[in-house]
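Visitor: Please walk me through this one slowly, and tell me what each term rests on.

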Amino acid sequence: MRDQTSAPAAAPRRPPQPPGTAPRPGTRPGPHPAAPHPAAPDPVTPPPAGATPAAAPAPPAPRPLGERRLWPRSFADRLTTPMPGLRAYARLAREGAFRPGPDGLRGIPDLPCAPAPLPVLAPGTSCVTWAGHASWVVRTGGLTVLTDPVWSRRILATPARMTPVGVPWEDLPPVDAVVISHNHYDHLDAPTLRRLPRHTPLFVPAGLGRWCRRRGFARVTELDWWEAAELDGVRFDFVPAHHWSKRTLLDTCRSLWGGWILTDTRSPAPHKLYFAGDTGYGHWFAEIGRRHPGIDLALLPIGAYAPRWWLRDVHADPEEAVQACTDVGARRMAPMHWGTFVLSAEPVTEPLERVRAAWDRAGLAREDLWDLPIGASRCW
């Protein structure tokens with residue numbers, strides 16, 4: 001199943017709320033009542049408009065690596081909006097707006113792709129390299145971490161890649177860890193994971209560990225929202241997202257979804273990176289920023305947003321991504337989730353054009369928008 005064909009609410013949602021306002025009636029951002037382990041801090045509902053923001057809670061203690069845990073059968077109560085109904089599917093089928101028209105596809109030769117060797121890092125430096133879509137090579141704290149690695153040319157029921165993978169697999173340094181945001185096929189790619197040694201540590205959402213262990217991975221750490229684990233001086237915090245999960249006809253919302261904060265804890269000035277995974281816009285960004293101040297770089301999705309009535313609840317558009325960067329208080333933003341696979345109806349080059357315009361309108365420093373070509377790197 002592709003996430004763009006089954007994701008939104010049956011009716012168009014209201015415009016995103018400003019940071020600091022309470023969620024609208026009918027949303028369900030709170031914790032699952034059966035979420036295990038009392039040490040895990042509960043998600044917090046944002047304060048009403050005008051209220052004084054509460055102090056951020058103390059960071060949770062890291063959980064043990066590879067811990068086996070019991071999870072609820074479903075995480076459907078974590079959905080920000082209801083799942084789509086028959087009317088929404090009927091409208092989508094009637095309108096047939098699954099792909100860009102011929103004019104929207106003409107931009108494929110113009111998609112930015114500039115593969116280059118990974119730069120050599122100086123001590124105390126962090127670096128990101130965009131491999132395409134939501135796949136990044138993150139080097140921080142002496143570790144090489146892959147995010148949502150998809151090195152396959154094609155994913156289920158989707159046209160082949162428009163652009164090549166930015167980093168050939170054979171050019172990767174040894175992979176120290178992998179983070180997965182959720183189980184949709186364009187983020188959890190079994191053929192790519194099969195390339196990894198089975199002792200590679202995987203950090204995954206609650207409920208996804210069984211899938212990984214069945215494929216032979218022995219070091220799988222599952223986390224709930226606001227929980228953390230640590231590997232060799234790098235802290236992995238799992239944070240909420242406005243999305244959902246589904247991989248087969250029978251497993252809707254059986255595993256959780258979210259983003260990751262990676263922090264180099266051993267450096268004198270720890271580097272902090274936010275990988276949002278796949279998400280719509282909403283109140284969680286302000287809460288993530290409150291709990292994790294000082295984010296140096298936010299990797300945020302800007303594509304797969306049209307038609308808007310169908311996708312706005314689960315995929316941020318470029319303007320919402322810029323607002324999300326502001327909400328989390330990140331110093332810089334690197335756009336992702338565009339220019340790789342044709343997943344929706346917007347013209348293929350439109351996300352980049354719109355995010356640049358939105359960044360400019362927001363009055364943000366141009367050098368802090370890291371709109372990288374696929375295969376390019378940036379260090380700090």
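Visitor: What makes P318, E319, V322 and C325 in α7 residues that meet α8?
Guide: Contact means heavy atoms within 4.5 Å, and by that rule these four residues of α7 meet P351, R354, V355, A358, W359 and R361 in α8. The residues of this contact divide into seven nonpolar, no polar and three charged; Ala, Val, Leu, Ile, Met, Phe, Trp, Tyr, Cys and Pro count as nonpolar, Asp, Glu, Lys and Arg as charged, and the others, Gly among them, as polar. This is a predicted model, in which local features need pLDDT of at least 70 and side-chain atom pairs count only at pLDDT 80 or more, while totals for chains, interfaces and linings use all residues. Residues are numbered from 1 along each chain as its sequence is written, and side-chain values use heavy atoms, with hydrogens and water left out.

Visitor: Why are α7 and α8 called oblique to each other?
Guide: Their axes, which are lines fitted to C-alpha atoms over the stretch in contact, with angles from 0 to 180 degrees between N-to-C directions, come within 8 Å and cross at roughly 45 degrees. Angles under 35 degrees count as roughly parallel, over 145 as roughly antiparallel, 65 to 115 as roughly perpendicular and the rest as oblique, and therefore α7 and α8 are oblique. The crossing of α7 and α8 is right-handed, a word for the near helix being turned clockwise from the far one by less than a right angle.

Visitor: How do you know how α5 lies relative to α7?
Guide: Helix α5 (residues 284-291) packs on α7 at an angle of about 30 degrees, with the axes 7 Å apart. That angle makes α5 roughly parallel to α7, and their crossing is right-handed. F285, A286, I288 and G289 of α5 make the contact with A324, D327 and V328 of α7, and these residues divide into five nonpolar, one polar and one charged.

Visitor: What makes an empty space a pocket or a cavity?
Guide: On a 1 Å grid over the protein atoms alone, a cavity is a set of points where a 1.4 Å probe fits but cannot get out, whereas a pocket is an open set with protein on both sides within 12 Å along at least five of seven lines, and lining residues have an atom within 4 Å of a point. The largest pocket has a volume of about 520 Å³, and among its 20 lining residues G207, R210, W211, R214 and R254 lie nearest its centre. Helix α4 (residues 209-214) gives the largest share of that lining, five residues, and by class the lining has six nonpolar, five polar and nine charged residues.

Visitor: How many cavities of 30 Å³ or more are there, and which residues lie nearest the centre of the largest cavity?
Guide: The structure holds seven of them, and the largest cavity has a volume of about 130 Å³. Of the 17 residues that line the largest cavity, A304, W338, G339, F341 and E346 lie nearest its centre, and the lining has 10 nonpolar, six polar and one charged residues.

Terms used:
Helix = DSSP H or I, 4+ residues; strand = E, 2+ residues; numbered from the N terminus. Points joined across faces, edges and corners; volume = space filled by probe spheres on them.
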